[in-house]
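Work through the exercises below with the sequence and the model open side by side. Each task is followed by a solution that goes step by step.

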Amino acid sequence: MTIKNVTVAGSGVLGSQIAFQAAFKGFNVTVYDINEDAINKAKDRIRGLRHAYKTDIAATDAEFEKGLANIGYSWDLQQAVSDADLVIEAIPERPDIKKDFYEKIAKFAPKEAIFTSNSSTLVPSMFMEDTGRPAQFLNMHFANQVWLNNTAEIMGSPKTDPAIYQEIVDFARNIGMIPIQLKKEQPGYILNSLLIPLLSAGEDLWVKGVADPQMIDRTWMAATGAPMGPFAILDVVGIRTAYNITLAEAQAHPEANTQPLADALKKLLDEGKLGMESGEGFYHYPNPEFKQKDFLSI
Ligand code: NAD
């Protein structure tokens with residue numbers, strides 16, 4: 001099947017970006033969300049991407065307008081998916097909401113339509129039976145700021161048809177993504193399976209007092225040639241997110257002794273050091289210390 005009509009369901013942070021990126025690359029996109037208010041927000045969000053596309057990837061106004069013209073909007077689910085070749089789901093990360101959504105579109109979408117999920121933490125076998133088409137269902141996981149961080153991690157369930165998997169790999173490439181192909185299900189895909197242990201190990205060294213964040217980052221950068229260490233990455237992720245994850249971990253597994261880390265992150269938050277977004281976290285922005293010439297040559 002040739003994919004032409006793409007419905008993106010959920011037009012929040014990620015859905016609006018995915019929808020515009022597909023439209024920008026020439027696909028016929030329908031944005032679906034639950035009501036008129038959510039759709040109006042989506043329109044604002046999508047229009048608000050103009051500056052980023054112009055400054056980050058040198059898109060012209062004409063190209064941006066062409067992308068906008070490829071998008072239609074709907075808050076009627078049946079209408080939104082009735083003509084879809086591909087439905088990309090980017091709705092809240094709640095199994096109950098996703099399950100209900102798949103049960104509904106199973107009835108409304110054409111029987112040959114492919115469904116993909118942008119879920120960050122839920123594997124496709126959790127929902128494959130709800131879709132009514134397990135062979136045509138898989139995850140395609142984008143990263144925030146899709147036009148810049150252009151990876152799409154592609155992960156099938158044991159029931160995904162390899163030919164459908166390949167179609168999604170091709171689609172990801174056609175919308176400007178680097179298709180990251182996983183051969184089997186893995187919670188956290190490849191990126192977070194690598195990244196989360198690295199960030200946790202850095203935090204652990206810091207909280208135990210083995211070294212300060214700058215020394216830990218310096219080690220990682222000098223020894224591996226990486227452009228950033230774990231604390232520079234934490235500034236991008238945001239200290240609030242790091243704190244929320246740590247707090248949840250401290251509550252769920254008190255024996256893991258993550259409370260000292262939660263306290264250290266809370267102290268940063270109380271000082272207004274939220275990471276890159278507030279201009280200060282472990283480093284100062286827009287010219288963080290780790291990017292300066294002498295950072296590695298102490
Ligand atoms: P968000 O909260 O910004 O947006 C969710 C959207 O879904 C909202 O517009 C909401 O109105 C809509 N929605 C709620 N219930 C719905 C329903 N039943 N049907 C259709 N739409 C519904 O969320 P987000 O951050 O864009 O995340 C969406 C998905 O993308 C999640 O699965 C998340 O794991 C994944 N994801 C998020 C990021 C990120 O950085 N935010 C990155 C990668 C993947």
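Helices (DSSP runs of H or I with at least four residues) and strands (DSSP runs of E with at least two) are numbered from the N terminus. The model is a predicted one, in which local features need pLDDT of at least 70 and side-chain atom pairs count only at pLDDT 80 or more, while totals for chains, interfaces and linings use all residues. Residues are numbered from 1 along each chain as its sequence is written, and side-chain values use heavy atoms, with hydrogens and water left out.

**Exercise 1. Backbone details**

Task: locate the cis peptide bond and the non-glycine residue Gln 145 with positive phi.

Solution: Begin with the bond that joins Tyr 285 and Pro 286, which is cis with omega at about 15°; Pro 286 belongs to the segment after helix H12 (259-270). Then turn to Gln 145, whose phi is near 65°, and place Gln 145 in the loop between strand S6 (137-142) and strand S7 (151-156).

**Exercise 2. Domains**

Task: set the domain assignment beside the UniProt features, and state how far apart the C-alpha centres of domain 1 and domain 2 lie.

Solution: The assignment gives domain 1 (5-181) and domain 2 (195-291), with bounds that come from an automatic or database domain assignment. Their C-alpha centres are 31 Å apart. In an unreviewed entry, UniProt places "domain: 3-hydroxyacyl-CoA dehydrogenase NAD binding" at residues 5-183 and "domain: 3-hydroxyacyl-CoA dehydrogenase C-terminal" at residues 188-285; such annotations may be inferred rather than shown by experiment. Over residues 5-183 the chain is 41% helix and 22% strand, with 27 Å between the end C-alpha atoms, whereas residues 188-285 have 64% helix and 0% strand, with end C-alpha atoms 29 Å apart.

**Exercise 3. The ligand**

Task: name the residues that come nearest the ligand, and then list polar contacts.

Solution: Around the ligand there are 20 residues (each with a heavy atom within 4 Å of it), and Leu 14, Asp 33, Glu 93, Lys 98 and Asn 118 come nearest. Next, look for polar contacts, that is, pairs of N or O atoms within 3.5 Å. A polar backbone atom of Val 13 lies 2.9 Å from a ligand oxygen atom, and a polar backbone atom of Ile 91 lies 3.3 Å from a ligand oxygen atom. From Ser 120, a polar side-chain atom is 3.0 Å from an oxygen atom of the ligand.

Technical notes. A polar contact is a pair of N or O atoms within 3.5 Å; within protein, one must be able to donate a hydrogen and the other to accept it, and residues adjacent in sequence count only if both atoms are side-chain atoms.
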